[in-house]
Structure formats: structure tokens, C-alpha cells
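Colleague: Before I use terms such as "exposed" or "roughly parallel", I should like to understand how each one is earned. May we go through the reasoning together?

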Amino acid sequence: MRMMAKFTVLVADDDKEIRDGIEIYLRNEGYSVLKAADGKEALDLLTANEIHLLILDIMMPHMDGITATFKIREVQNIPIIMLSAKAEDSDKIHGLSVGADDYVTKPFHPLELMARVKSQLRRYVQLGTYDGQKKVEVDGLVLDEEAKELSVDGKPVKLTPIEYKITELLMKNAGRVFSINEIYERVWNEEAYNAENIVAVHIRKIREKIEADPKNPRYVKVVWGIGYKIEK
């Protein structure tokens, strides 16, 4: 029995033949497929799309699979299946320790990989991690990840893509303080350099749109000397 096509799988591998080969099998099983050639591209696609499972190679340029997994796990809990040509136990342990759910050694049989994809998605759905309607709510502030929309006390708020990403990061991690550099690196997906003014301007604009009194914010709080957070 095939899984429903509502599930989207992201395949990240620097080998185009492997990406394309996995895509054929995934589409035959009814999945939607997105592809990335490195870890940074994978993070960009994860930010811009709803993805339910990630097949991620370890050895990739620009950003390797271990680093990408570490960053993904800070904000998302989707299943991650790692691929690697290395079979040593230390590599498997390293991959699993940073947050991967499964590990497949190259070369692999495509049908084995499909079985692992089905197993991970089944767990993802049955354990309640995936609810089909991805909404995050914090005290009247509601983020609809499907529609990429935000509302405050039932009233829609228009955000720019960057403002949305910052708000999404803070809401998904309500109560946690993020430094300015961390916000910049998570949202812009590049190393922070002179990021303070850039982030501060976007935070100010977000407050102007979601706060009844931006000077006495209800949601986006500053923690002096550390960064910003959204209260739980």
C-alpha cells in the first residue's frame, strides 16, 4: 500500500545520479520530491517548504550532513535518514547522536531505502509529531505553517518572508533566548557579520505589526546582553 502523496521527501546528495535515482523510486511510491546538492541548499528548501522526511548524505560540499542535521534538529523534528559510503560504527554513531533517525550505507538497495522511508513516516504520523495542520500558538499569536500566515488574536498580520522566518523561529522555540548572531545565521543561512542592526530592524518591524504597544511588547522580548525570545 502506497503512502499518500501529501508527504514530501527532500533528497540531499551531491551526486546527481543518486538524487535522481532515489527520486524515481520515491515518486513511484506516491511521494512528492525535492532535491538539494548540499546541506545549505537543503536548509533553504526546508525553510521554504513543508517537508516530512529528509534523506541526507553525510559527505557534501558547502555544508555536510552532520552539520545540517545539527541545525535542523534545533528547530524541526522531521525524520532524517542519513546516507554515507562509510560503514564504520563511529560514523553511524556520530550521525545518530546529532539527531538522525536512521542510517543507510552506500551502496544500498533502493527498495530497502523505500522500506525505511515508509517506516520513519509511519512513526512520524503515529506518534503524533505530524498533525497534518501545522500551527504554532503562543498566547493569541498563531502561526499557520501550511499557509505561511500569522494572526494576532484572530486578526491576520502581513509579514515579509524574513519577518515570517524570524517569527517562526522564535515561536517554535518559545521561551528560548536566541542571540542576534544565531537569529541571523538561522534565518539568512549564512555566517553572521555585523548582524546586530539588521536583526534589530526586523525585530522592530515585527513588533510594530504584532504588538499593541511596541514599546512594551507582549510577545517579542529582549533579554539585554543576550538576545530575543517570545514568551511561552
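The exchange below takes up the helix contact, the hairpin and some backbone features of this predicted model.

Colleague: Why is α2 called roughly parallel to α3?

Modeller: Helix α2, residues 39-48, packs against α3 at an angle of about 25 degrees, and their axes are 9 Å apart. Angles under 35 degrees count as roughly parallel, so α2 is roughly parallel to α3. The crossing in which α2 passes α3 is right-handed.

Colleague: Which residues make that contact, and how do they divide by character?

Modeller: From α2 come Gly39, Leu43 and Leu46, and from α3 come Ala68, Lys71 and Ile72. They divide into four nonpolar, one polar and one charged. Leu, Ala and Ile count as nonpolar, Lys as charged, and Gly as polar.

Colleague: How do you know whether His62 is buried or exposed?

Modeller: The relative accessibility of His62 is 72%. The cut-off for exposed is over 50%, and therefore His62 counts as exposed. His62 is found in the loop between β3 (53-57) and α3 (65-73). Its phi is near 70 degrees, a positive value in a residue other than glycine.

Colleague: What makes β6 and β7 count as paired strands?

Modeller: At least two bridges between two strands are required, and β6 and β7 have four bridges, in the antiparallel sense. One bridge joins Val136 to its partner Leu143 in β7. The two strands form a hairpin with two residues between them.

Colleague: How are the side chains arranged along β6?

Modeller: They alternate. Val136 and Val138 point to one face and are buried, whereas Lys135 and Glu137 point to the other and are not buried. Buried here requires relative accessible area under 20%.

Colleague: Why is Asp139 called exposed?

Modeller: Asp139 has a relative accessibility of 52%. Exposed begins over 50%, so Asp139 counts as exposed. Asp139 lies in the loop between β6 (135-138) and β7 (141-144). In this turn of the hairpin, Asp139 has a positive phi of about 50 degrees.

Colleague: Which value of omega goes with the cis peptide bond from Lys106 to Pro107, and where does Pro107 lie?

Modeller: For the bond from Lys106 to Pro107, which is cis, omega is near -5 degrees. Pro107 is located in the loop between β5 (102-105) and α5 (110-126).

Notes:
Residues numbered from 1 in each chain as written. Predicted model: local features only at pLDDT ≥ 70, side-chain atom pairs only at ≥ 80, totals over all residues. Heavy atoms only, no water. Buried < 20%, exposed > 50% of the residue type's maximum accessible area, 1.4 Å probe, protein only. Axes fitted to C-alpha atoms, helices over the stretch in contact; angles between N-to-C directions. Parallel < 35°, antiparallel > 145°, perpendicular 65-115°, else oblique. Left-handed = near helix turned anticlockwise from the far one by under 90°. Contact = heavy atoms within 4.5 Å.
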